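Biologist: I am new to this structure and would like to learn how to read its features one at a time. Could we begin with the empty space inside it?

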Amino acid sequence: MKLAIFGATGRVGGEILKRALADGHEVKALVRSEKLETHPNLEVVIGDVRNAEDIEKTIKGTTAVFSAIGTDRTTTLSDAAPLIVQSMEQNGVQQIISIGTAGILNSRLSPGLLRYEGGDSKRKMTFAAEEHEAVYRLFETTSLHWTIVCPTYLPDGEARGNYRTEKDFLPLEGKEITVGDTAEFAYRQLNSQEFVQSRVGLAY
């Protein structure tokens, strides 16, 4: 396959990139500056995820998209998402797997609300969850085959494999999930229909 990856220099995006290249896929990665090691199957596009032309260069000719764009107290994610969707639709690319946050899963305490609104999450700052919710609401309006992978607390660490998943909710008593397992699960969604057009909670 030929994959487009946004956020490939981040923790989860970098792990997804490694797996894709190891499996022999061709990858186009949009980055702000040359931070990635060269690889014969990797095409690096230098640019900005908030620029429609740079997004277009990255998505054109690919078969699926990974987004691991961080929030970092900026609106980069919500600025980029509509451009990614537009380019995918224009190029006939159907599948996108995006890394979200557990805050946008359904609340168990307050039915009808999301976790960050319903008191399930202990985080006082809601900016990141609001950014991820904007992407979720955008995806809902499309016919794309989207999946939003929603890890809870995300420490560095290798893939261990003994995690739990749940559609639209965080698994009960879920406290954390490593970067490695988050990337592993997200990457495996390339060949899975189980969580298409849904959010999926991820935790040990």
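Modeller: A cavity is a set of grid points where a 1.4 Å probe fits but cannot get out, whereas a pocket is an open set. Rolling a probe the size of a water molecule over the atoms shows where empty space is left. Please keep in mind that this is a predicted model.

Biologist: How many cavities of 30 Å³ or more does the structure hold, and what is the volume of the largest cavity?

Modeller: The structure holds one cavity of 30 Å³ or more, and the volume of the largest cavity is about 40 Å³. Its elements with two or more lining residues are helix 3 (76-91), strand 5 (95-99) and helix 5 (127-140), and it is helix 3 that gives the most, with four residues.

Biologist: Which residues line the largest cavity, and how do they divide into nonpolar, polar and charged?

Modeller: The lining of the largest cavity is made up of S67, L77, A81, I84, V85, I96, S98, V135 and F139. Sorted by class, seven of these lining residues are nonpolar and two are polar, while no charged residue takes part.

Biologist: Two of those names, V135 and F139, make me curious about helix 5. What is its reach, and which of its residues are buried?

Modeller: Helix 5 has 14 residues and reaches 20 Å from its first C-alpha to its last, close to the 20 Å expected at 1.5 Å a residue. Its buried residues are A129, E131, H132, E133, V135, Y136 and F139, and what covers them includes helix 3, strand 5, helix 4 (115-118), strand 6 and strand 8.

Biologist: Turning to open space, what is the volume of the second largest pocket, and which helix gives the most to its lining?

Modeller: The second largest pocket has a volume of about 220 Å³, and helix 1 (residues 11-22) gives the most to its lining, with six residues. The full lining consists of A8, R11, G14, E15, L17, K18, L21, L36, E37, T38, H39 and L42. In this lining, five residues are nonpolar, three are polar and four are charged.

Biologist: Is helix 1 mostly covered or mostly open, and what do its buried residues pack against?

Modeller: A residue is called buried when its relative accessible area is under 20%. By that cut-off helix 1 is mostly covered, with nine of its 12 residues buried, namely V12, G13, G14, E15, I16, L17, R19, A20 and L21. These buried residues pack against strand 1 (2-6), strand 2 (26-31), strand 3 (42-46), strand 4 (64-67), strand 5 and helix 6 (179-188). As for its length, helix 1 reaches 17 Å from its first C-alpha to its last, close to the 16 Å expected at 1.5 Å a residue.

Biologist: Helix 6 appears in that list of partners. How many of its residues are buried, and what covers them?

Modeller: Eight of the 10 residues of helix 6 are buried, which leaves this helix mostly covered. The buried ones are V179, G180, D181, T182, A183, F185, A186 and Y187, and their cover includes helix 1, strand 4, strand 5, strand 6 (145-151), strand 7 (164-167) and strand 8 (198-203).

Biologist: I would also like to understand backbone angles. Where does phi take a positive value?

Modeller: Most residues other than glycine have a negative phi, and most peptide bonds are trans. Among the positive cases here is G24, just after helix 1, with a phi of about 85°. In residues other than glycine, positive values are found at D72, where phi is near 45°, and at R73, where phi is near 60°.

Biologist: Where do D72 and R73 lie, and are they buried or exposed?

Modeller: D72 lies in the loop between strand 4 and helix 3, and R73 lies in the loop between strand 4 and helix 3 as well. D72 is exposed, with a relative accessible area of 64%, and R73 also counts as exposed, at 78% relative accessibility.

Biologist: Finally, what does the UniProt record say about residues 7-192?

Modeller: The UniProt record, an unreviewed entry, gives the annotation "domain: NAD(P)-binding" for residues 7-192. In the model, the end C-alpha atoms of this span lie 22 Å apart, and the span is 34% helix and 17% strand.

Technical notes: Residues numbered from 1 in each chain as written. Predicted model: local features only at pLDDT ≥ 70, side-chain atom pairs only at ≥ 80, totals over all residues. Heavy atoms only, no water. 1 Å grid on protein atoms, 1.4 Å probe; cavity = no way out; pocket = protein on both sides within 12 Å on 5 of 7 lines; lining within 4 Å. Points joined across faces, edges and corners; volume = space filled by probe spheres on them. Nonpolar A, V, L, I, M, F, W, Y, C, P; charged D, E, K, R; others polar. Expected span 1.5 Å × (residues − 1). Buried < 20%, exposed > 50% of the residue type's maximum accessible area, 1.4 Å probe, protein only. Contact = heavy atoms within 4.5 Å. UniProt positions renumbered as here; feature names shortened; annotations may be inferred.
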